[in-house]
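User: I would like a close look at one part of this model, and then a tour outward from there. Please keep it brisk.

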Amino acid sequence: MDVTRIRIADYDYPLPQERIASHPCEPRDACKLLRVGEDGCASHHAFSELPSLLGDGTLLVCNNTRVINARIAMRKATGAAIEIFCLEPRFPADYDRAFAATGSCRWNCLVGNLKKWKGEPLVKHLSLPDGSEVTLEAGYITQLPGAGHEVEFSWTPAEATFATIIEAAGYIPIPPYLNRASEQADASDYQTVYSRIKGSVAAPTAGLHFTPALLEALQREGIERRELTLHVGAGTFQPVKSDEIGQHPMHTEVFSIDRALLSELLEALESGRTVAAVGTTTVRTLESLPFIGRRLSRGLPLHVDQWEAYDGDSFSTAEALQAIIRHMDDTGTDRLTASTAIMIAPGFRWRVVRRIVTNFHQPQSTLLLLVASFLQRHEDSPQPGMPPLWRRLYDEALACGYRFLSYGDAMLLT
């Protein structure tokens with residue numbers, strides 16, 4: 001099967017605007033959960049039942065990234081509105097150093113109403129939480145590959161960190177398909193309860209259903225929850241515009257994972273313990289790890305290319321994870337940082353993840369391709385003329401009143 005020849009039109013379905021949830025359930029874990037069992041059959045639950053559905057001994061892995069106030073509304077002296085959407089740091093390029101920067105830093109940004117910005121500095125006056133006043137300036141530097149632009153932010157007095165500046169200057173960038181403006185409630189609604197590491201411009205939305213009470217219930221059920229970090233980029237909303245996915249460029253995202261979790265993943269792999277991923281961002285990280293390990297063995301950069309998983313090479317997942325652990329021991333580090341542009345689509349060989357908690361995704365999206373790939377395990381001998389399992393499940397969810405996309409209901413795929 002040539003994955004690059006997959007037609008994105010085959011992953012379409014009708015999604016009325018009224019089925020797109022504009023706000024989360026209250027409480028969050030009161031949303032619906034469509035469970036797909038090992039036999040491929042669906043059953044209907046509340047998300048609060050997740051601990052009993054996962055089963056004792058499951059290793060549940062979550063993405064602890066935190067969404068930043070990435071959209072900054074500025075105005076020219078003439079009054080023209082310019083919106084700057086911070087995507088990723090440029091100088092310093094490391095997220096931690098960028099947020100700790102004082103005085104100035106540069107970011108790769110999307111710029112709204114760019115044609116009105118002739119390069120003159122944009123000025124915004126801010127009041128910080130400690131009561132101090134700061135003047136923020138944004139200066140246009142240059143266009144970057146793709147749709148991005150390099151923007152320099154500088155501020156006086158210079159003592160405040162950029163983390164403090166962007167928190168005061170910006171607002172949460174909710175997904176465009178919600179078709180509404182950001183609200184004050186989104187500042188908390190669009191964060192997982194376990195978000196800690198700042199850097200995302202979009203939430204890992206499968207995690208939005210968790211509540212403190214549900215986390216306690218997981219612990220009581222003997223389910224161990226662990227965290228990794230992948231900073232979600234704006235590319236997660238990038239539509240597939242080509243007829244075949246081979247012409248679609250996957251976005252790159254940076255992730256980090258600690259040595260203790262790598263050791264647990266290796267133990268789970270060798271003992272047959274179930275690894276469950278909360279969300280597609282966690283899936284992308286976990287399924288990228290074997291290829292990072294193979295790259296380390298070959299002396300290659302720590303970045304997974306888009307089609308690398310389909311090169312036909314046979315290698316041991318356990319040995320690849322061992323290679324990462326050896327590398328970390330040899331370099332005296334307890335945390336691996338790498339990047340991935342991995343494409344997970346039907347034909348992908350799954351190596352780590354055995355269960356997925358996820359939302360219902362947009363038609364013709366790479367996230368829907370990922371779900372279809374995972375469900376393909378149930379379709380070794382599909383009946384002629386029958387729609388694929390992903391489509392049958394989405395049709396059932398639509399018929400049963402499920403809500404879709406970021407603030408919508410969830411699935412548990414086995």
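In which sense do β16 and strand β17 (residues 335-340) pair, and over how many bridges?

Analyst: The pairing of β16 with β17 is parallel, over two bridges. Two strands count as paired if DSSP finds at least two bridges between them. Helices (H or I, at least four residues) and strands (E, at least two) are DSSP runs, numbered from the N terminus. Look at valine 304 in this pair: threonine 340 of β17 stands opposite valine 304.

First, two notes on reading the model. It is predicted, so local features need pLDDT of at least 70 and side-chain atom pairs need 80 or more, while totals for chains, interfaces and linings use all residues. Residues are numbered from 1 along each chain as its sequence is written, and side-chain values use heavy atoms, without hydrogens or water.

Now step back to the sheet. It is open and holds 10 strands. Their order is β2-β1-β19-β18-β15-β3-β13-β14-β17-β16, and the pairing is mixed. One edge is β2 (42-46), and the other is β16 (303-304). Each edge strand pairs on one side only.

Next come the charged pairs. Side chains of opposite charge can pair when their charged atoms come close. A salt bridge here is a side-chain nitrogen of Lys or Arg within 4 Å of a carboxyl oxygen of Asp or Glu. By this rule there are 25 salt bridges.

Follow arginine 226. It forms a salt bridge with glutamate 264, and their closest N and O atoms are 2.6 Å apart. This pair links distant parts of the chain. Arginine 226 sits in strand β13 (residues 224-230), while glutamate 264 sits in helix α6 (residues 259-271), 38 residues apart. Are the two buried or exposed? Buried means under 20% relative accessible area, exposed over 50%, and partly exposed in between (1.4 Å probe, protein chains only). Arginine 226 is partly exposed, at 29%. Glutamate 264 counts as buried, at 18%. Elsewhere, shared partners join salt bridges into one network of Arg294, Arg295, Arg298, Asp305, Glu308, Asp311 and Asp313.

Arginine 225 has a partner too: its side chain meets that of glutamate 227 in a salt bridge of 3.0 Å, N to O. Arginine 225 is partly exposed, with a relative accessible area of 25%. Glutamate 227 is buried, at 19%. Aspartate 186 and arginine 180 also meet in a salt bridge, at 2.9 Å from N to O. Aspartate 186 is buried, with a relative accessible area of 0%.

Now for the empty space. The search uses a 1 Å grid over the protein atoms alone. In a cavity a 1.4 Å probe fits but cannot get out; a pocket is an open set of points with protein on both sides within 12 Å along at least five of seven lines. Lining residues have an atom within 4 Å of a point. Grid points join across faces, edges and corners, and a volume is the space filled by probe spheres set on the points.

β17 returns in the second largest pocket, which has a volume of about 460 Å³. Its lining has 20 residues, with Asp94, Tyr95, His231, Ser256 and Thr337 nearest the centre. β6, α2 (95-100), β13, β14 and β17 each supply at least two lining residues. β14 gives the most, with four. Sort this lining by class: Ala, Val, Leu, Ile, Met, Phe, Trp, Tyr, Cys and Pro count as nonpolar, Asp, Glu, Lys and Arg as charged, and the others, Gly among them, as polar. The result is seven nonpolar, five polar and eight charged residues.

The largest pocket has a volume of about 710 Å³. It is lined by 30 residues, and Leu87, Leu110, Gly233, Ala234 and Gly235 are the closest to its centre. β6 (81-91), β7 (104-112), β12 (197-200) and β14 (253-258) each give two or more residues to this lining. The largest share, four residues, comes from β6. By class, the lining divides into 15 nonpolar, 11 polar and four charged.

Last, the closed spaces. The whole structure has four cavities of 30 Å³ or more. The largest holds about 260 Å³. Among its 22 lining residues, Tyr177, Thr205, Thr236, His361 and Leu367 lie closest to the centre. Its lining has 11 nonpolar, 11 polar and no charged residues.
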